[in-house]
Structures are given as structure tokens and as C-alpha cells.
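Here is a friendly walk through this structure, written for someone opening it for the first time. Please keep the 3D view at hand while you read.

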Amino acid sequence: MSGNIVLNCKDKVFTEKILNDLEDFQKEAMNFFEIDKLSRTFNVQIYDSLTNFVNFVTFNGKEPKRYHDGTVATTRNGVVHILNLELYTQDERHKNNNYDDYIKTLKHEFVHICHEEILKDKNIMPPLLMEGIATRLAGQTKYANKVTEINCSADDLVFDFYKIKNNYAYAYEIMGYLMQNKSHNDLLKILSEPQKEDVDRLIKDTNKFLKSKQNTIEKQKL
Ligand SMILES: [Zn+2]
């Protein structure tokens, strides 16, 4: 394993397993973004105490709203803080999750780190395309086919992404449209300056794409 990934976890067997499982993915993701090396390491802090995790997330209770049901991981200053698998699956929203989902969460975060490398302006990371490519490359198929159309405004997707319903499913479908209809080069160009994308256009094109997919499925049924 190259020194790109650093895991802090008391459970050495679990650590070894995660590192092994992330190794191939690391190459895959870096190949996708056409980068040879990362300018920083991917740091992961794994918690085996829920109290410690909640304290971290809420800044020792000063910002209690930051922790809510479903908070199992957070990224701060480039470090991923995540509950261990046991605590992760104890959370109501993640009770049906398994190790596979857990590792996909880490892959997702790793994609963000790689994505950052190709951004022309590192201060601008629009969530729509950022979450789209992370969910796609991490193989988070739980977001697939959850929606048959993008049913919100471009402004919602750009300015209120984290507040809207089906946000990750929308990001997943929009990125699916881009991945199937753009060359790899064009896709990388888009991802390097995601703020330049006309999101209104993207919604229309994705909806057309989803509709034609739907029609094909219908026809096959006949
Ligand atoms: Zn993300």
C-alpha cells in the first residue's frame, strides 16, 4: 500500500481489511481522474466510542445541531471521521447496511480527495457534480433508480443541495447521464470546473435521458 491512506483505528485486523479493500479502488479512482499522486494523504479516524464521535461532531457539545440521526461520518480539515462498523450499523438509518456499504462510504470520501486534485479553483466544489461522481465511482447503487426524473429547480441543486429530498439520487442520475454521453476527456473538463455547468440544461438533458431509458424498458416489456 502506498502512503496515500492513513487509518487511525484501534482494531488492527479491521484496519488491515479496510486498507486491503481500498487498495485497488485507490488505483481505479486515481486512474479515472488521471492523477499520479495525491498532494495530501487520505486520513481516516475510526471511532469505537459513540460519545467521543458525538463530542467531535458537536465541537464538545457547543454545536449540538451538527449531530442528528444518521450522522455516522463527517469530514473535517481533510480528515474523515467515521464510526466503527458496529456503531455504524447500530444507527437506525444504517441498520440495514453491511461492510460493503461501509467501505463504499470510505471510497466515496476518497473520490472527493481525488476530485479536489483536478479542480481549477480549489475553493469551489459544487455539491451536485461532486456528490454525483463520488456516488458513481464508489458504486453506491443504493441511489440508483430511486427517481425517474429530476423534480426540483437548478437553484435548489446549486444552492440548497444538502437540504433537498432525493439529493444524492439526483446527483447520481445526472452524473449517469454525463458519464454515458460525454467523452472521458470532456467529463474531466466538466469536473475540473463544475461551477461552469449550466445546471438548468443538465436537468433537462438528464430528464430526457431518463425518459428514453424508461421507454426502452417499457418496449422490452411488450
Ligand atoms: Zn460526498
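Which residue of strand 2 does L7 stand opposite?

1. **A starting pair.** L7 stands opposite V44 in strand 2. Before going further, please bear in mind that this is a predicted model. Strand 1 covers residues 5-8 and strand 2 covers residues 42-47; the two run parallel and are joined by 4 bridges.

2. **The link between these strands.** Helix 1, residues 12-32, belongs with strand 1 and strand 2 in a β-α-β unit. The unit is left-handed, a detail to look for when you turn the model in your viewer.

3. **From strand 2 to strand 4.** V44 appears again here, since its bridge partner in strand 4 is V80. A second pair to find is Y47, which stands opposite L83 in strand 4. Strand 2 and strand 4 run parallel, with 5 bridges joining them.

4. **The hairpin.** Strand 3 (residues 73-76) pairs with strand 4 (residues 79-83) in the antiparallel sense, over 4 bridges. V80 of strand 4 also has T75 opposite. Between strand 3 and strand 4 there are 2 residues, and the two strands form a hairpin. In the turn, N77 has a positive phi of about 50 degrees.

5. **The sheet as a whole.** In what order do the 4 strands of the open sheet stand? The order is 1-2-4-3, and the pairing is mixed. Strand 1 and strand 3 stand at the edges with a single partner strand each, so one side of each has no neighbour in the sheet. From one strand to the next, the twist averages 20 degrees. As general background, strands of a sheet pair through backbone hydrogen bonds, either parallel or antiparallel.

6. **Two domains.** The domain assignment divides the protein chain into domain 1 (1-118) and domain 2 (122-222). Their C-alpha centres lie 24 Å apart. Domain 1 brings 11 residues to the contact and domain 2 brings 12. On the side of domain 1 that touches domain 2, helix 1 and helix 4 (99-118) are the elements that give two or more residues. Helix 4 gives the largest share of that side, 8 residues. By character, this side of domain 1 divides into 4 nonpolar, 3 polar and 4 charged residues.

7. **Helix 5 against helix 7.** At what angle do the axes of helix 5 (residues 127-137) and helix 7 cross? They cross at roughly 80 degrees and come within 8 Å. An angle from 65 to 115 degrees counts as roughly perpendicular, and helix 5 and helix 7 are therefore described that way. From helix 5, the contact is made by L128, L129, E131, G132, I133, T135 and R136. Helix 7 adds Y168, A171, Y172, I174, M175, G176 and M179. The residues of this contact divide into 9 nonpolar, 3 polar and 2 charged.

8. **Helix 7 against helix 9.** Helix 7 (residues 167-181) also meets helix 9 (residues 199-221), with axes that come within 9 Å and cross at roughly 80 degrees. Helix 7 and helix 9 are therefore roughly perpendicular to each other. On the helix 7 side the contact is made by E173, I174 and Y177, and on the helix 9 side by L202, D205, T206, F209 and L210. Those residues divide into 5 nonpolar, 1 polar and 2 charged.

9. **A residue to revisit.** Which residue should you click on to tie the last two points together? Try I174 of helix 7: it is listed in the contact with helix 5, and I174 is listed in the contact with helix 9 too.

Definitions and conventions:
Residues are numbered from 1 along each chain as its sequence is written. This is a predicted model: local features need pLDDT of at least 70, side-chain atom pairs count only at pLDDT 80 or more; totals for chains, interfaces and linings use all residues. Two strands pair if DSSP finds at least two bridges between them. A crossover is right-handed if, with the strands pointing away from the viewer, the path from the first strand over the helix to the second runs clockwise. Axes are lines fitted to C-alpha atoms, for helices over the stretch in contact, and angles run from 0 to 180 degrees between N-to-C directions. Angles under 35 degrees count as roughly parallel, over 145 as roughly antiparallel, 65 to 115 as roughly perpendicular and the rest as oblique. Two residues are in contact if their C-beta atoms, placed from the backbone, lie within 7 Å. Ala, Val, Leu, Ile, Met, Phe, Trp, Tyr, Cys and Pro count as nonpolar, Asp, Glu, Lys and Arg as charged, and the others, Gly among them, as polar. Domain bounds come from an automatic or database domain assignment.
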